[in-house]
Amino acid sequence: MAESSHVLLFTDGACSGNPGPGGWAYILRHPASGKEVENSGGDPATTNNRMELIAVVEGLRAVKRPSRVEIYSDSKYVLNGLESWLEQWKRNGWRTAAKKPVKNEDLWRTLDELKGVHSLSFHWIRGHANHPENDRCDLMAVRARDEAAKAHRASKST
């Protein structure tokens, strides 16, 4: 692939309570052009793992053509799932090694499809350790979480 089809994807999720209101965020950087795209969203009733997964799903969906994507995340759940567990889950009929249904199967199936479109590599970064993009994603995810919780409270009071 051409160098212009190389992108960096930084992601994070946040949840207040687990389950509880949550938010996700990503930063998509195109090193060749210096262009950045960022996005975030929230859910009034979700889990932290779902928010971490949705951040990656939405970030990959924002990549408009097959690309070499380097994913940076502080979620070992997401990275281990993409690197190690996904193929085994598929072979096991979407069951874990303990024969239990895979949690968040809908999102894992979507990631599996997106994984077939892009060439992915994975980088774990420590959360809350002064990594600029992770810190920015965390702020966006927390803001989206708070907005989702506020909108949910407002809808219940009307």
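Angles under 35 degrees count as roughly parallel, over 145 as roughly antiparallel, 65 to 115 as roughly perpendicular and the rest as oblique. The views below show a predicted model.

**View 1. Helices α1 and α2 cross at roughly 60°.** Their axes come within 9 Å. An angle of roughly 60° falls in none of the named ranges, so α1 and α2 are oblique to each other. The crossing in which α1 passes α2 is right-handed. On the α1 side the contact is made by N49, E52, L53 and V56, which meet Y77, V78 and L82 of α2. By class, these residues are five nonpolar, one polar and one charged.

**View 2. Helices α1 and α3 pack at an angle of about 30°.** The axes of α1 and α3 lie 10 Å apart. Because about 30° is under 35 degrees, α1 counts as roughly parallel to α3. This pair has a left-handed crossing. From α1, the residues R50, L53, I54, V56, V57, L60 and R61 take part; from α3, their partners are D106, L107, W108, T110, L111 and L114. Nine of the contact residues are nonpolar, one is polar and three are charged.

**View 3. Helices α2 and α3 pack at an angle of about 90°.** Here the axes are 11 Å apart. The angle lies between 65 and 115 degrees, and α2 and α3 are therefore roughly perpendicular to each other. Y77, V78, G81, L82, L86, E87, W89 and K90 are the α2 residues of this contact, and they meet W108, L111, D112 and K115 in α3. The contact of α2 with α3 comprises seven nonpolar, one polar and four charged residues.

**View 4. The largest nonpolar core has 30 residues.** L60, V69, I71, L82, W108 and L111 have the most contacts inside this core. Two or more core residues come from each of β1 (6–15), β2 (20–30), α1 (48–61), β4 (68–73), α2 (76–91), α3 (105–117) and β5 (119–124). The largest share, seven residues, is given by α1. Among the core residues with the most contacts, L60 of α1 also meets α3, and L82 of α2 takes part in the contacts with α1 and with α3. W108 and L111 of α3 appear in the contact with α1 and again in the contact with α2.

**View 5. The surroundings of I71 include L9, V56 and L60.** Leaving aside residues up to four places away in sequence, I71 also touches L79, L82, L120, S121, F122 and H123. Of these neighbours, V56 is one of the α1 residues that meet α2. A second, separate core of 10 residues includes L8, F10, A14 and M140.

**View 6. A cis peptide bond joins N18 and P19.** Omega of this bond is about 20°. P19 is placed in the loop between β1 and β2. As background to this view and the next, most residues other than glycine have a negative phi, and most peptide bonds are trans.

**View 7. K99 and N104 have positive phi values.** Phi is near 70° for K99 and near 65° for N104. Neither residue is glycine. The loop between α2 and α3 holds K99 and also N104. K99 has a relative accessible area of 62%, and because the cut-off for exposed is over 50%, K99 is exposed. N104 has a relative accessible area of 14%, which is under 20%, so N104 is buried.

**View 8. S119 in strand β5 and K90 in helix α2 are both partly exposed.** S119 has a relative accessibility of 37%, and K90 has one of 30%. Both values lie between the cut-offs of 20% and 50%, so S119 and K90 count as partly exposed. S119 and A45 are 74 residues apart in sequence, and their C-alpha atoms are 32 Å apart in space. For K90 and A154, 64 residues apart along the chain, the separation of the C-alpha atoms is 41 Å. K90 is also one of the α2 residues that meet α3.

Conventions. Residues numbered from 1 in each chain as written. Predicted model: local features only at pLDDT ≥ 70, side-chain atom pairs only at ≥ 80, totals over all residues. Heavy atoms only, no water. Core = buried A, V, L, I, M, F, W, Y, C linked by side-chain atoms within 4.5 Å. Buried < 20%, exposed > 50% of the residue type's maximum accessible area, 1.4 Å probe, protein only. Helix = DSSP H or I, 4+ residues; strand = E, 2+ residues; numbered from the N terminus. Contact = heavy atoms within 4.5 Å. Axes fitted to C-alpha atoms, helices over the stretch in contact; angles between N-to-C directions. Left-handed = near helix turned anticlockwise from the far one by under 90°. Nonpolar A, V, L, I, M, F, W, Y, C, P; charged D, E, K, R; others polar.
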